[in-house]
Amino acid sequence: MHLEIDEQRLQNQIDELSLISEQAPPVVTRVLFSEADQRGRAFVKKLAEESGLRVRQDAIGNIFVRWAGRDAGAQPIATGSHIDAIPNAGKFDGVVGVLGALEAVRALQKAGLKPKRSVEIIIFTAEEPTRFGFGCIGSRMLAGTLTPEKAILLKDSDGTTLEEWRRKVGWSDDLAMVRLPKDGYAAFIELHIEQGPLLEREGLPIGVVEKIAAPSVTRLDLTGVGGHAGAMLMPDRHDALLAGAEIALAVEQAALTSGSPDTVATTGIFRIEPGAVNSVPCLAHLEIDLRDTQSSTRDAALRRIEQATGDICRRRGIQFNLQRMAADPPVVCDPKLVSAIADACSAVGLPFKRMISRAYHDSSFMSQVCPTAMIFIPCRGGVSHRPDEYSSPQQIKAGVAVLARTLAALTSE
Ligand code: GLV
Ligand code: MN
Ligand code: MN
């Protein structure tokens, strides 16, 4: 089968979507429920409809784009990713797996493939954790890991609940309908940038993901005693920022001393109140991301952070509230799908490497619903979650070619 992948058209679409952002170019910020998120969704739906594909959206905003196969009764093959973006992000994270999947389908259509199984491209809601403190809201709900009862209560930093947001943007369907049946899809394949440096370093165009690391998110609220920065003497202080600063260092130590080079820990959010130069901070809010490839190593590091938080807060006379927002297991990708992707690489003549994903993905939750695997492409310097994130049109084309070949094989079985 000869596949014509139009890398220029795909690049133009990636560029156009990147301009739909809450911040000026080259910064991409598209947080769930923002105006940019809504416009980004409309952009992708329009592209799908222009390719003659059927589009629907579920009650949590997951978008499903279907290329109908010959056998309406056969389980479809799913692919896709996300288009939401954290603050100060780039244009490729998630987007390559969405717009790249559309290009793969267009190339297969053009090549005259009449697939037996349908292909469904899923654009998942809020893979990124920005609004509600943990990621993969859409895919967690598809898998049933996040229930409607818990989801509606999620609150953002302004205190607005997910249910209030749903009403604001006009999503009125019943959330109980989101969960997928166990036999809904025959497979899920996600194309994504590596977000790490290994493929580039080794000069390889494709990574086939065999395992996805175990992430966690912890929220920590510290309450101290505020007061006048000039008049409150040092022995009388219970400064929430200083407790938070010590905890952030303990977070770093927990990763450094875990005994595993795969443990990574980040205090990515640290806000204080009241935030005046002449006022002792009375409140601090921290959000901590901690991951490892093994749950046991990650959980041991989390326990050390909890212990340190208690010790530091007792010593400093600070009240604390620690909330574990998420702690997900690592995922082993389906060996048959890993082989199918490897075969597709051979068919298009591209060398590849089997690898671990250190970032999490909607694949982590789709794996609870159906066999799942991922295709990685290199990104410059391994940079991601930054505006200078970059993969070249040729690198993206290679990923789309492998995705298209894999879909062609899986949809004909
Ligand atoms: C996904 O964006 C992650 O943080 O791994
Ligand atoms: Mn991301
Ligand atoms: Mn992503």
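In this predicted model, the manganese ion designated ligand 2 takes its protein donors from three residues, namely Asp93 (OD), Glu128 (OE) and His385 (NE2), which lie 2.0 to 2.1 Å from the metal. Along the chain, these donors follow the spacing D-x34-E-x256-H. Two of them sit in loops: aspartate 93 lies between strand E5 (85-89) and helix H3 (95-110), and glutamate 128 lies between strand E6 (119-124) and helix H4 (137-143). The pair therefore ties together parts of the chain that are 35 residues apart in sequence.

A second manganese ion, ligand 3, is coordinated by His82 (NE2), Asp93 (OD) and His192 (NE2), at 2.0 to 2.2 Å. Its donor residues are spaced H-x10-D-x98-H in sequence. Here, too, distant parts of the chain are linked, with histidine 82 in strand E4 (residues 77-82) and histidine 192 in strand E7 (residues 187-193), 110 residues apart. Aspartate 93 appears in both donor sets, and this residue bridges the manganese ions of ligand 2 and ligand 3, which lie 3.7 Å apart.

Attention can now turn to ligand 1, which sits in the largest pocket. The residues surrounding ligand 1 are Glu127, Glu128, Arg291, Ala359, Tyr360 and His385. Sorted by class, this shell holds two nonpolar residues, one polar residue and three charged residues. Two members of the shell, Glu128 and His385, also serve as donors to the manganese ion of ligand 2.

Several polar atoms of the protein approach oxygen atoms of ligand 1. A backbone N or O atom of tyrosine 360 lies 2.8 Å from one such oxygen. From the side chain of glutamate 128, an N or O atom is 3.0 Å from an oxygen atom of the ligand, and for glutamate 127 a polar side-chain atom lies at 3.5 Å from a ligand oxygen. Taken alone, ligand 1 exposes 200 Å², and the protein buries 93% of that area.

The backbone also has some features worth a look. Most residues other than glycine have a negative phi, and most peptide bonds are trans. Against that background, the peptide bond from proline 25 to proline 26 is cis, with omega near 5°. Proline 26 is found in the loop between helix H1 (7-18) and strand E1 (28-30). Another cis peptide bond joins glutamate 273 and proline 274, where omega is about 5°. That proline 274 lies in the loop between strand E11 (264-273) and strand E12 (279-280).

Asparagine 88 offers a further point of interest for anyone inspecting the backbone: its phi is near 65°, a positive value in a residue other than glycine. Asparagine 88 belongs to strand E5, the strand that comes before the loop holding the bridging residue aspartate 93.

Notes:
Residues numbered from 1 in each chain as written. Chains lettered and ligands numbered in written order. Predicted model: local features only at pLDDT ≥ 70, side-chain atom pairs only at ≥ 80, totals over all residues. Heavy atoms only, no water. Near = heavy atom within 4 Å. Polar contact = N/O pair within 3.5 Å; in protein donor to acceptor, adjacent residues only side chain to side chain. Areas by Shrake-Rupley, 256 points an atom, 1.4 Å probe, with all protein chains shown as cover. 1 Å grid on protein atoms, 1.4 Å probe; cavity = no way out; pocket = protein on both sides within 12 Å on 5 of 7 lines; lining within 4 Å. Sits in = over half its atoms within 2 Å of the grid points. Nonpolar A, V, L, I, M, F, W, Y, C, P; charged D, E, K, R; others polar. Donors = N, O, S within 2.8 Å, 3.2 Å for Na, K, Ca; no water. Helix = DSSP H or I, 4+ residues; strand = E, 2+ residues; numbered from the N terminus.
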